[in-house]
Amino acid sequence: MVGGGQGAYIGNIHRLASRLDGAWTLVAGAFDVDPDKGRDFALSQGIDADRSYGSYLDLIEGEKNRADRVDAVAICTPNFTHYPIAKALIEAGFDVICEKPLTATLEDAIALEALTQNSGRFVGVTYTYSGYPMVHEARVRIANGEIGKVRTVQVEYPLEWMATAIEQQGNAQAAWRTDPKKNGRGGSIGDIGTHAYHLAGFVTGLKLESLTADLATFVEGRALDDNAHVMMRYEGGARGLLWSSQVALGNSNGVRLRVFGESGSYQWFQEQPNELVYTPLNGRVQIIKRGADDLSEDAKLRTRTPPGHPEGYLEAFANLYAGFAEAIRARADGREPSPLGQNVPLAYDGLKGVAFVEAVVDSAESDTPVWLKPLAV
């Protein structure tokens with residue numbers, strides 16, 4: 001792991017998720033920009049002193065010639081560092097698991113995707129919400145035509161944690177997220193809107209054609225948007241609405257997806273992730289629960305406990321890590337991955353996310369619609 005040391009929320013999530021199924025063991029890392037703090041943290045995690053590194057470059061140098069070298073490196077650092085770290089790792093022959101967004105700029109995302117394809121390395125991106133079993137269930141049912149042609153998609157990701165200028169009060173996580181040099185051009189749209197965009201496309205299979213965006217910065221003195229509204233047009237005629245906000249009081253993590261088709265609809269709410277709401281045309285609202293016997297294989301493979309025992313965010317994140325492991329093992333074995341290793345977010349998904357953010361900011365700044373280039377669909 002690179003980054004994700006003491007006090008880093010996302011680093012701990014990666015560690016917990018990677019261990020849940022026994023597929024991964026954390027054996028090496030460069031956990032902090034302060035080498036001494038990083039080494040102290042590594043020791044606290046039971047990592048051998050000779051595999052605790054001062055920087056990601058030290059990690060590459062120390063691991064590349066070991067017989068027991070790491071199988072992959074997880075990048076848990078701020079956005080602006082993703083590209084140089086991932087590039088160096090790929091060029092040194094390592095597989096990568098990267099936090100979203102893939103990079104801070106579209107130029108870097110295009111370059112990294114090309115490097116990934118040319119190198120043959122594996123690059124997974126942690127779009128967490130695509131790890132939930134009932135999200136996969138919705139994806140399978142929509143692909144099977146159970147609600148007919150999709151007409152409208154509504155997806156939202158509201159948070160409240162940045163409703164005041166906490167970046168000016170010593171909150172390190174908020175500080176880099178509001179700094180264009182470290183976060184990239186998009187604030188809420190880059191931090192959480194990219195999750196919503198990926199979720200909508202993942203479940204529906206729709207390809208975004210164009211968008212019109214309105215960005216707002218409600219907290220005085222903040223350099224990036226903290227609220228975004230995006231109207232979207234998909235290929236084939238479907239329409240979409242996306243809302244992301246870091247200032248939505250009363251919302252801790254309100255990810256919600258609604259998909260409306262010609263003959264039915266599906267709704268999923270991240271705070272009730274074990275349920276999928278299905279409404280057929282001229283029929284009654286139905287609650288489909290995780291763990292049921294008649295669910296798809298895609299959902300069953302990502303389920304660990306029987307019905308009535310809730311599974312949530314950590315399990316969804318762990319499903320990504322289990323899928324990454326299966327994809328990497330299958331490549332090494334020269335076989336097709338099992339369904340668990342399929343439909344996992346890869347570098348190209350990360351590239352699409354960065355292209356989406358760039359298009360949103362371009363639209364908001366020009367006050368005009370933006371047609372997405374082929375790479376972004």
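Colleague: How many helices and strands are there in the chain?

Modeller: The chain of this predicted model holds twelve helices and 13 strands.

Colleague: What does the radius of gyration say about the chain?

Modeller: The general idea is to set the value against that of a compact globule with as many residues. For 377 residues the globule would be near 21 Å, and the chain has 20 Å, so the two agree. The C-alpha trace spans about 65 × 50 × 40 Å along its principal axes. Of the 377 residues, 54% are buried. About 16300 Å² of the chain is exposed, with carbon and sulfur atoms supplying 50% of that area.

Colleague: Among contacts between residues at least 6 apart in sequence, what share joins residues at least 24 apart?

Modeller: In this chain the share is 67%.

Colleague: What is the strand order in the open sheet?

Modeller: A strand order is read across the sheet, from neighbour to neighbour. Here nine strands run 12-11-10-9-5-8-7-6-13, and the pairing is mixed.

Colleague: Which strands stand at the edges?

Modeller: Strand 12 (286-289) and strand 13 (370-371) do. Each has a single partner strand, so one side of each is left without a neighbour in the sheet.

Colleague: In which sense do strand 5 and strand 8 pair, parallel or antiparallel?

Modeller: Strand 5 (residues 150-158) pairs with strand 8 (residues 239-245) in the parallel sense, over seven bridges. Within this pair, Val155 stands opposite Leu242 of strand 8.

Colleague: Which strands does helix 12 touch?

Modeller: Helix 12 (residues 347-366) packs on the sheet and touches strand 6, strand 7, strand 8 and strand 13. Its direction makes about 60° with that of strand 6. Helix 9 (residues 188-204) lies across several strands, including strand 5, strand 9 (256-261) and strand 10 (264-269), and runs at about 150° to strand 8.

Colleague: How are helix 6 and helix 9 placed, oblique or roughly parallel?

Modeller: For a helix pair, read the angle together with the distance between axes. Helix 6 (residues 133-143) and helix 9 pack at about 45°, their axes 7 Å apart. The two helices are therefore oblique to each other. Helix 6 contributes Val135, His136, Ala138, Arg139 and Ile142 to the contact, and helix 9 contributes Leu199, Phe202, Val203 and Thr204.

Colleague: Is Ser210 buried or exposed?

Modeller: A residue counts as buried under 20% relative accessible area. Ser210, in strand 6, has 7% and is therefore buried. Leaving aside residues up to four places away in sequence, Ser210 touches Met231, Met232, Arg233, Val370, Trp371 and Leu372.

Key
Residues are numbered from 1 along each chain as its sequence is written. This is a predicted model: local features need pLDDT of at least 70, side-chain atom pairs count only at pLDDT 80 or more; totals for chains, interfaces and linings use all residues. Side-chain values use heavy atoms; hydrogens and water are left out. Two strands pair if DSSP finds at least two bridges between them. Helices (H or I, at least four residues) and strands (E, at least two) are DSSP runs, numbered from the N terminus. Contact means heavy atoms within 4.5 Å. Axes are lines fitted to C-alpha atoms, for helices over the stretch in contact, and angles run from 0 to 180 degrees between N-to-C directions. The radius of gyration is taken over C-alpha atoms; the globule rule is 2.2 Å times the number of residues to the power 0.38. Buried means under 20% relative accessible area, exposed over 50%, partly exposed in between (1.4 Å probe, protein chains only). Accessible areas come from the Shrake-Rupley method with a 1.4 Å probe; for residues, only the protein chains shown count as cover. Angles under 35 degrees count as roughly parallel, over 145 as roughly antiparallel, 65 to 115 as roughly perpendicular and the rest as oblique.
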